[in-house]
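Hi,

Here is the structure I promised to send over. Have a look at it first, and my notes follow below.

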Amino acid sequence: MPQPPHAPIHTVPSHSPPRAGGNNRSGFRRPGFLSHLGADVPASLVVFLVALPLSLGIAAASGAPVMAGLIAAAVGGIVAGSLGGSPLQVSGPAAGLTVVVAGIVQEFGWQVTCAITAAAGLVQLLLGISRVGRAALAVSPVVVKAMLAGIGVTIILQQLHVLLGSQAAGPALENLEALPAAITGVELHAALLGLTVVVILLGWKYLPAAVRRVPGPLAAVAAGTALSAAFAPNVERISFTGSILDAVTLPQLPEGSWRAAAFAVLTMALIASIESLLSAVAVDKMQNGPRTNLNRELVGQGAANIVSGSLGGLPVTGVIVRSATNVEAGAVSRASAVLHGIWVVAFSALFAGLIQLIPLSVLAGLLVVIGARLIKVADIRTSLRTGELPIYAVTLLCVVFLNLLEGVMIGLAFAAASVLWRVLRATVHAQAPVLPSGSWRVGIEGSCSFFALPRLNRVLHSVPAGKHVLVELNADYVDHAFREALLAWQRQYQAAGGTVVLEHHGNTLFRDAADQAPKRQESQELPLPPRTSWQPAQDELAVGIAGQSTRPPSPVLLGINKYHRRFADKVRPLVQDLAEGQNPDTLFVACVDSRVNPNLITSSGPGDLLTLRNIGNVVCHDGQDASIDSALAFALKGLEVDSIVICGHSNCGAMKALMEDAEGKGSGALGAGFDAWLDHARPSYDRLLGHHPVAAAAAAAGYSAVDQLGMVNVAVQLAKLESHPLAGPALAYGRVQATGLFYDIATARVVLVRQEGIEFLDPEQAADMSRARAQAG
């Protein structure tokens, strides 16, 4: 039974052993969050050790009190961990909001920033209750990746000053301009400590696995702090008074500037929501447990930010670094995230003095590495391959040199404009004929709307007057304006003495645009559409370049012309390996009826089928027809095919002739030769009258008498193969298999014919037939 949307989610590993004794005699059942403590407690300790230095560093980079980072980490673990929709996601202060928070603190002060954080949480809560969680994912991934990279660049530019022993200048541009002065005035001890942290973090992954059990950030901060105590006791360190309980700060409403404060609330809420939801989606990909309820996750994040802001903490979001650590450490349920928050509270209350030993340059080195990891080379390469590098670059630069929200908005606008350009853009080009007597070709592809009219008119008017023009329209969208413009040009061009043939492929969009609202369809042709579906009418073909009547070209030559224009280059790679010989696997015996296409109904191509076609798809007895004997010999002995197919079809003219002749209605209009050939199929009519099992099955399925005879005829020809001296032994020894098919033209479905009856190969057709029989019964 599915859980309700807001029910607690618990994951139970499949390998959980049964309790001793088989049941709980006392009737007491442990709560779900206690059932996996063996896995969740160790995982929570690992996450706590990772979260501790990161929270301190993010608080320092945001210009907030250091303890605000630990308050946010505790609240994120306990509140968001308990209420959120992602069981294994770990929440807390995140680098993605560092730039935003630093700007808000600088503009409004810390207590107003806390109020803004709580208000942003209320917005998130309302978004979750409104069930718009999935809508928040409608953000171009390249914009999100560029946003994170821009945040990374901003953090690096800011924290490099702290690492070098100076103060950050403010905005990214000012930090960049002040960097040479910071380098020349470097404080050596601070720089060496910061660089030591950077080196440890970069080299941590190369150390033995036993060493790497300790989280890299914790080891790097501990090592930097120990070195500072031994060799640089005078470097600037973290400073605060009291414990985490003393750091609790009540929020304060802004004095004026309500518009700016509201803008800050929306900015914080949107960025925190997007980062949390994207992190939750990433966590889902890392584990096989319950999927995230995105609306509930927004509710949990909103509640956490309300509490964090009310207590004087930083904004809370889902953090992919901590969440990934949680999954990799073996966490099973949300208890791990909750416990990690409890450990943060306990450590901050009991061991706050240890935090004040950490040098600022050590945290700066940690943040420089965090910022660098937000800039992923793989993302840049992906954007380059997908043509989205301009969007990535514009978003990144705007985030760095303007601000986060403006950068994201500009990036989204640029991405939307790029999508509109790609989706609405139609390709229109004109090609002059190779030979003087040839036709001009105008190719039109893509989405044909009024946006494409300027280019359409420019290309069409580049075609010289008085020529024969073939317009090939291969569109997935055509609106009324585009159709009218093209037809108007056609009328004008023909009135001036030229000829225009419109050839539209793969759909009826062009015709539909005159009578209904435009809609997008696949621009895709059937493998072999009938020529009547795309060739112009004969009266169009009969008009010459000067408007004089001429003899229309052969439909076959027109088809070959289209083949050369549209398909020859695509077919060439398929037949190159067949140039020196063939290796078909099947001899396909079919009727000469033009409506039956063996390659189409078997999804086969060049070199797959050796085809033998005759009237009535018959197999003659040995010595009765040299062409059939030679085809069997060539297929079985020369090419060693492993399958022979006999394929009949509905409404067969040969079967009609057999029935009319038996009823005395035959006219003999087709001559003695035709009548003589029908002798090979007359036994099939006798078997129909003799109540052949195939006839009974076909009648029960509702097929007409002609089609019943067509199916019986297939079964009779299969029996002839078994007695033929060429095919019989091969069938008997299993070297070749024989298959009977019947192609129902009206439904475009293929039926399997056996000696004992028929079988529907299309599951939908079989289901329909079963339902019809049930209703009839």
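How much area does the protein chain expose, and what share of it do carbon and sulfur atoms supply? The exposed area is about 37,900 Å², and carbon and sulfur atoms supply 61% of it (Shrake-Rupley method, 1.4 Å probe; for residues, only the protein chains shown count as cover).

Before the rest, some ground rules. This is a predicted model, where local features need pLDDT of at least 70 and side-chain atom pairs count only at pLDDT 80 or more, while totals for chains, interfaces and linings use all residues. Residues are numbered from 1 along each chain as its sequence is written, and side-chain values use heavy atoms, with hydrogens and water left out.

The chain has 777 residues, and 47% of them are buried (under 20% relative accessible area, 1.4 Å probe, protein chains only). It holds 31 helices and twelve strands (DSSP runs, H or I of at least four residues for helices and E of at least two for strands, numbered from the N terminus).

Now the first sheet I looked at. It is open, with four strands in the order E3-E4-E5-E6 and mixed pairing (two strands pair if DSSP finds at least two bridges between them). Its edge strands are E3 (426–431) and E6 (499–504), each pairing on one side only. From one strand to the next, the twist averages 15° (axes are lines fitted to C-alpha atoms, for helices over the stretch in contact, and angles run from 0 to 180 degrees between N-to-C directions). E5 (residues 468–478) runs parallel to E6, joined by six bridges, and Leu473 stands opposite His504 in E6. Helix H19 (residues 480–495) lies across E4, E5 and E6, at about 150° to E6.

The other sheet is open too, with six strands ordered E8-E7-E9-E10-E11-E12 and mixed pairing. E8 (609–614) and E12 (757–760) are at the edges with a single partner strand each, so one side of each has no neighbour in the sheet. E11 (residues 749–754) and E12 run antiparallel with four bridges, and Val753 stands opposite Ile758 in E12. Helix H29 (residues 705–723) packs on this sheet, touching E9, E10 (737–744), E11 and E12 (contact means heavy atoms within 4.5 Å).

Lastly, a helix pair: the axes of H1 (residues 37–62) and H14 (residues 360–373) come within 9 Å and cross at roughly 95°. That makes H1 roughly perpendicular to H14 (65 to 115 degrees). Among the residues that meet are Pro53 and Leu54 in H1 and Leu363 in H14.

Cheers

Methods
Buried < 20%, exposed > 50% of the residue type's maximum accessible area, 1.4 Å probe, protein only. Parallel < 35°, antiparallel > 145°, perpendicular 65-115°, else oblique.
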